[in-house]
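Visitor: I have a few questions about this model. Can we go through them one by one?

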Amino acid sequence: MACRISHRLLLPSSHLLSSTILQSRPLDLIPAFEFPAPTFKFLIIHSPFSSYSPSPLFDFHEEDDDANPVDLDIFYTSLFDDCSHQKHLTQIHSHLIKSGSLESNYLVTKFVHTSSNLGEIHYARQLFDEIPYPNVFLWNAIIRGYSRHELYDGALKLYYGMQQEGVSPDGFTLPYVLKACSSLPALNTGREVHAQIFRHGFESDVFVQNGLIALYAKCGLLGCARLVFDGLCERTVVSWTSMLSGYAQNGHPLEALKIFSEMRAADVKADFVALVSVLKAYSDVEGLEQGKSVHCCAIKSGLELEPDLLIALTAMYAKCGQVQVAKSLFDHMSLPRVILWNAMISGYAKNGYANEAVELFRKMVSTNARPDSITLRSVILACAQVGVLELGIWMDDYVSGSEYRDDVFVNTALIDMYAKCGSIRHSRIVFDRMPSKDVVVWSAMISSYGLHGHGHEAIDLFHKMKLARVEPNDVTFVGLLSACNHSGLVDEGWKYFHCMRDYGIEPRHQHYACVVDLLGRAGYLDEAYDFVMSMPMKPEVTVWGALLSACKIYGNVRLGRYAAEQVFALDPLNAGHYVQLSNLYASAGLWNDVSKVRVLMKERGLVKALGYSLIEINGKLQAFRVGDKSHPRSKEIFVMLEELEKKLKEAGFVPNTDSVLHDLNTEEKEESLCNHSERLAIAFGLISTPPGTTLRITKNLRACVNCHSATKLLSKMVEREIVVRDANRFHHFKDGLCSCGDYW
DNA sequence: GTAGGGTTAG
């Protein structure tokens with residue numbers, strides 16, 4: 001107990017401070033202290049450390065050098081350790097003032113630390129500002145506090161202030177500063193800091209260098225990050241993780257995994273953060289098996305109960321389609337954090353479990369967990385993916401009553417959702433009510449019009465966007481071009497494609513594919529081919545695919561065969577392309593070639609995707625396949641189908657049986673066409689909704705010619721509006737016509 | 001007292 005006293009604390013007489021009280025809760029004592037009448041000439045100090053056996057209080061005379069002084073730093077340290085409330089800070093603060101301890105950078109640093117950990121960063125700043133000459137430790141504490149409270153700009157300002165005061169940063173300052181730079185992110189400032197790091201000679205400080213890796217990785221400058229990483233002579237698990245997650249976050253999961261195996265080869269043991277980062281990389285490549293091996297690795301290392309790792313595992317299983325496994329992990333958490341709810345809900349959304357996503361969201365709300373913008377966007381995405389308008393409207397209502405009612409991201413998701421649920425009118429309502437619109441909002445609305453074949457509205461909105469002085473980006477043009485495309489506006493599309501460069505936007509594959517589609521569908525096949533040949537980059541599969549489907553429409557076997565060869569070379573395992581070529585041959589009556597394609601498909605183990613249609617009745621989705629008899633009301637459905645078929649025949653409807661299902665005889669062909677999944681869905685919709693109700697159907701494939709003509713007629717006969725979302729776009733059938741103008 | 005991570009993605 002005999003240590004030098006460094007600061008003076010004047011306490012009232014000894015009997016107030018029984019050692020037992022002091023050992024229990026030092027802070028609770030402080031309010032009881034009477035502050036010094038100047039007559040108190042004694043310092044009475046007691047260490048509140050409970051590990052000490054009860055010891056007598058030490059009374060000693062201020063001027064008595066031989067007394068038993070106790071280190072006040074230790075005393076305060078224990079006070080700070082017990083500090084759990086702002087009220088305590090206030091008490092310590094006045095204590096520090098009265099005892100004249102504010103001259104101690106050490107104690108003020110402690111104070112700043114403690115108040116920042118308690119979330120009282122402004123209080124910390126207040127005290128900091130009272131100190132005339134902060135040393136580097138104190139600067140570090142306040143910068144750290146700002147960084148921890150995500151006040152990154154403030155942290156950087158303090159850093160500049162520190163240098164103006166002539167205090168040089170040390171190996172602790174720089175990681176905090178780099179953290180602030182990478183969180184903003186502020187790349188230019190970060191580069192300046194890098195130069196200072198060089199000047200101050202921190203090239204071999206692994207903490208500082210790790211900060212630089214993280215900074216460059218966050219800013220997407222993987223080359224710079226790698227340079228720093230490669231230059232390190234000592235690499236900690238943090239260096240490896242920073243590099244690994246840099247690759248994972250910038251869309252290079254394979255590079256990330258390579259780093260991971262190098263790390264293991266270097267005998268660096270992965271901790272839980274490293275495993276979390278690896279899981280992200282595996283989830284991105286849907287590497288379920290490898291993800292599972294990380295799970296095993298976690299169990300072996302005893303990390304499986306680490307909550308953050310469990311969140312990452314849940315996200316991985318959910319993303320890879322193993323929603324049940326994910327849910328069982330989820331259910332084991334007693335108090336799920338928002339990020340876990342989000343991982344589970346978005347996992348449901350991604351895998352088409354809209355009802356589950358919404359149910360879990362409801363549960364989340366009922367447990368008083370606070371959804372954030374990501375939660376809302378995930379649920380809205382779920383509604384959009386399966387096209388359930390009723391649930392979508394419910395989400396819109398929820399958003400309107402929440403703090404996210406003006407959130408740009410959430411509202412953009414709503415615009416997109418309404419469009420995908422078939423109600424462009426609702427999309428526009430959301431769009432109009434948004435107080436501020438960025439380029440993404442405008443682009444979403446333009447694409448929505450495109451999806452519904454409202455090309456002129458899309459173009460009109462594009463001009464309004466320019467008037468609003470919002471600069472278009474490449475996504476805007478994808479929306480605009482595909483809108484022209486879906487409406488057959490060839491000249492306009494051609495014009496907008498060529499004006500992209502005026503906006504400083506270099507066309508990408510998607511834009512080229514749109515133009516090929518545009519020219520091809522309008523019958524300009526040779527022009528489309530020349531256009532592909534003039535591309536400055538190697539055409540991707542989407543470009544050749546667009547040409548192939550144009551050839552299919554116009555029965556151009558020669559060019560179609562060539563386009564198909566290119567498509568197969570680039571994407572040999574997509575059954576859809578083979579089906580298209582086969583249909584092209586069939587429409588030209590080239591049955592030999594048809595069977596060759598079928599054989600090729602068989603050899604490559606490819607199966608044509610089964611068609612299905614979904615219809616939403618009373619907020620519940622019902623799915624139908626071709627000739628599906630599994631529905632409980634199947635009998636009624638087929639009675640209705642027959643009735644409809646009769647009416648169609650009476651109206652003179654003759655199905656076109658030439659180009660489809662060549663391997664069946666004609667009668668069978670007709671029968672299975674009548675059983676196409678969308679017809680079943682329509683029949684079911686008719687028997688389960690009151691007259692006049694709009695039917696909304698979602699298909700996984702493109703609408704077939706026969707069903708399209710039949711649905712047009714049906715819309716008139718049954719006096720219903722029928723909205724069909726196919727794999728590509730929307731068709732609004734009404735009064736015998738379709739909004740696509742038979743152009744799809 | 002230092003640094004690295006997971007949920008969205010038009």
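Visitor: Which helix holds M344?
Guide: The model is a predicted one. Helices here are DSSP runs of at least four residues. M344 falls within residues 338-350, and that run is helix α19.

Visitor: Is M344 buried or exposed?
Guide: Buried means under 20% relative accessible area. M344 has 0% relative accessibility, so M344 counts as buried.

Visitor: Which residues is M344 in contact with, leaving aside neighbours within four places in sequence?
Guide: Contact means heavy atoms within 4.5 Å. On that basis M344 is in contact with T314, V323, A326, K327, F330 and L360.

Visitor: What separates the C-alpha atoms of M344 and F361?
Guide: Along the chain, M344 and F361 are 17 residues apart. In space, their C-alpha atoms are separated by 9.7 Å.

Visitor: Where is T314 found, and why does T314 count as buried?
Guide: T314 belongs to helix α17, residues 307-319. The cut-off for buried is under 20% relative accessible area. T314 counts as buried because its relative accessibility is 0%.

Visitor: Which residues does T314 touch, not counting those up to four places away in sequence?
Guide: M344 has T314 among its contacts. The list for T314 includes M344 in turn. In full, T314 touches A326, L329, F330, L340 and M344.

Visitor: How many aromatic pairs does the structure hold?
Guide: Rings pair if their centres lie within 6.5 Å. By that rule the structure holds 20 aromatic pairs.

Visitor: What kind of aromatic pair do F229 and W240 form?
Guide: Their centres are 5.1 Å apart, with 80 degrees between the planes. F229 sits in helix α12 and W240 in helix α13, eleven residues apart. Both residues are buried. Planes over 60 degrees apart count as edge-to-face, and the pair F229 and W240 is edge-to-face.

Visitor: How many residues apart in sequence are the parts tied together by F497 and F531?
Guide: F497 and F531 form an edge-to-face pair, 5.4 Å centre to centre and 75 degrees between the planes. F497 lies in helix α28 and F531 in helix α30, so the pair ties together parts that are 34 residues apart.

Visitor: What is the relative accessible area of F497, and of F531?
Guide: Both values can be set against the cut-off for buried, under 20%. F497 is buried, at 6%. F531 is buried too, at 8%.

Visitor: Which residues do ring pairs link into a cluster?
Guide: The links are ring pairs. The cluster they build consists of F462, F477, Y496 and Y503.

Visitor: Which residues come nearest to DNA strand B?
Guide: There are 40 residues around the strand. By class, 19 are nonpolar, twelve polar and nine charged. Those that come nearest are N140, D308, N342, R377 and V440.

Visitor: Which residue has a side-chain N or O atom 3.3 Å from a base nitrogen of DNA strand B?
Guide: A polar contact needs N or O atoms within 3.5 Å. G171 places a backbone N or O atom 2.8 Å from a base oxygen. Q249 has a polar side-chain atom 3.2 Å from a phosphate oxygen. The side chain 3.3 Å from a base nitrogen is that of R337.

Visitor: What share of the residues of chain A count as buried?
Guide: Chain A has 38 helices and eight strands. Its exposed surface is about 35200 Å². Of its 744 residues, the share that count as buried is 51%.

Notes: Residues are numbered from 1 along each chain as its sequence is written. Chains are lettered from A and ligands numbered from 1 in the order in which they are written. This is a predicted model: local features need pLDDT of at least 70, side-chain atom pairs count only at pLDDT 80 or more; totals for chains, interfaces and linings use all residues. Side-chain values use heavy atoms; hydrogens and water are left out. Helices (H or I, at least four residues) and strands (E, at least two) are DSSP runs, numbered from the N terminus. Buried means under 20% relative accessible area, exposed over 50%, partly exposed in between (1.4 Å probe, protein chains only). Accessible areas come from the Shrake-Rupley method with a 1.4 Å probe; for residues, only the protein chains shown count as cover. A residue is near a molecule or strand if one of its heavy atoms lies within 4 Å of it. A polar contact is a pair of N or O atoms within 3.5 Å; within protein, one must be able to donate a hydrogen and the other to accept it, and residues adjacent in sequence count only if both atoms are side-chain atoms. Ala, Val, Leu, Ile, Met, Phe, Trp, Tyr, Cys and Pro count as nonpolar, Asp, Glu, Lys and Arg as charged, and the others, Gly among them, as polar. Rings of Phe, Tyr and Trp (its six-membered ring) pair if their centres lie within 6.5 Å; planes under 30 degrees apart count as stacked, over 60 as edge-to-face and the rest as tilted.
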